[in-house]
Amino acid sequence: MDKLFIFESSIVCLVLLFWIMLYMIRDTDKQMLNILFVKTVIADIIVIILEIPSYLLSGTTGAVNYYLQNIFVALIYAVSGYVCMYWFMYVVNVISSLNNQRLKELSLYSRFWISFPAFVLAVLSCLSPHLNLLFYIDPETNLSFHGSWFFIQRIITYGYTTLGSLIVFFYLLRKGKSYRPVRTFTLISFIVFPLAGGILTILIRGPSTVWAFFAVGLVLIFFDMRIANVSQDGLTRMNNRRVFDDYIAKCINEVRPTKNLYLIMLDIDKFKRINDEYGHIEGDSAISLVADVLKKVCFERDCFLARYGGDEFVILCWEKDEKDVFFIEKEILSSLRHQLVVKKLPYNLTISMGFAERGKDCFGKVNAFIQKADKALYKAKHLTEMMNE
């Protein structure tokens, strides 16, 4: 009965993981984040496939079964390190993207040190059938037992997952209330599922539950990625208009004792001219550049960013008074000027900004609040045009 249950649950996990893998390979762009996710899925598939015959062979005697069991267990241990390694690298890339940091391709030196523990585990796994390092198979019962160096497998696999979980934990701790809800299941999955699977594997004697828990986590992450694609603007990877509408509706009645709610609206000056003279690709680059500046300036602040539409952006923030909002605007302009010097664009990219405090007149009134900020933006734009004439 136990073997039947293990077989059925493993098949379910495999079907889900194969479906995710095929979908990702066929329909997903070749970003590093997606590549690492697919590699994690494939590695987990391999381990689960290897565990099925290994568990079925446990307790079955015979020279052939003994030989096959050594091969399957050695491969399971060897691949387990790579599952955790790719999981860790995917965690790092997700947190980097949320921090608005685009990781460059790792150097050969960095790739070596990240993959070295997994490589060591693979080598020890291949040697174990002869030296009984990580495991040994009892020839009388064909059961697998931990070897004298088994702790190395635990250190490497749990080291990858624990370090990844700590990175996520400290990210959430640092962001606090300013954390946006997109990718919530992803971040929680990084902590909960490897931890739960690892604890159960230690407490319950029998087949490892880690890889099944990894599979569940990967399924939730996949669906969260689909939700994120619906919730995020495809070009800027910021919250889109729909998410902003939902978020401001939740905040419009919120009261904080020491802070007020402000809405900053901004857009790119003469954006149509950029598109007409330099092409839509350059126009997209201009929008992305402004979005990156906003993310960088607002990262450590209690702000909610969104692309409102076209070349227009909104920032919903909690600040003490208008001076803090003016400081945010000043920092945005300063950061944008710096980026223009670095990027050496063929045109002068400028933006106009206007903001409004929610106040009593807009308390509970989303449309009135947005219109108030929109009027402030219009005044700022009109003033800019007069100064440039």
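**From a strand pair to two cores**

Let's start with one pair of residues: Tyr262 stands opposite Glu357 in β6. The model we are walking through is a predicted one. Strand β3 (residues 260-268) and β6 run antiparallel, and seven bridges join them.

Zooming out, we find an open sheet of four strands in the order β4-β5-β3-β6, paired in antiparallel fashion. At its edges are β4 (303-309) and β6 (351-357), each of which pairs on one side only. On average, and ignoring direction, neighbouring strands of this sheet are turned by 20 degrees against each other. As background, strands of a sheet pair through backbone hydrogen bonds, either parallel or antiparallel.

Now look at the helices that meet these strands. Helix α10 (residues 280-298) lies across β3, β4, β5 and β6, running at about 5 degrees to β5. Helix α8 lies across β3, β4 and β5 (312-319), and runs at about 135 degrees to β4.

Cys251 is a good place to pause, as it lies in helix α8 (residues 241-251). Is Cys251 buried or exposed? Its relative accessibility is 3%, so Cys251 counts as buried. Setting aside residues up to four places away in sequence, Cys251 touches Leu261, Leu316, Trp318 and Arg358. Cys251 and Leu316 are 65 residues apart along the chain, and their C-alpha atoms are separated by 9.2 Å.

Next comes the nonpolar interior. In soluble globular proteins, nonpolar side chains tend to be buried together. Here the largest nonpolar core has 57 residues, and those touching the most other members are Phe37, Val41, Tyr90, Phe190 and Trp211. Two or more residues each come from α1 (2-27), α2 (32-57), α3, α4 (108-131), β1 (135-137), α5 (150-175), α6 (184-203) and α7 (210-231). Of these, α3 gives the most to this core, with 16 residues.

Take Phe37 as an example: beyond its neighbours within four places in sequence, Phe37 is in contact with Ile20, Met24, Tyr90, Leu218, Ile221, Phe222 and Met225. There is also a second, separate core of 31 residues, including Met238, Ala291, Phe313 and Ile328.

We can finish with a polar residue, Asn70, in helix α3 (residues 63-98). Because its relative accessibility is 8%, Asn70 counts as buried. What lies 2.9 Å from a polar atom of the side chain of Asn70? It is the backbone oxygen of Tyr66. Apart from neighbours within four places in sequence, Asn70 is in contact with Pro129, Phe135 and Ile137.

Technical notes
Residues numbered from 1 in each chain as written. Predicted model: local features only at pLDDT ≥ 70, side-chain atom pairs only at ≥ 80, totals over all residues. Heavy atoms only, no water. Buried < 20%, exposed > 50% of the residue type's maximum accessible area, 1.4 Å probe, protein only. Polar contact = N/O pair within 3.5 Å; in protein donor to acceptor, adjacent residues only side chain to side chain. Contact = heavy atoms within 4.5 Å. Core = buried A, V, L, I, M, F, W, Y, C linked by side-chain atoms within 4.5 Å. Pairing = 2+ DSSP bridges. Axes fitted to C-alpha atoms, helices over the stretch in contact; angles between N-to-C directions.
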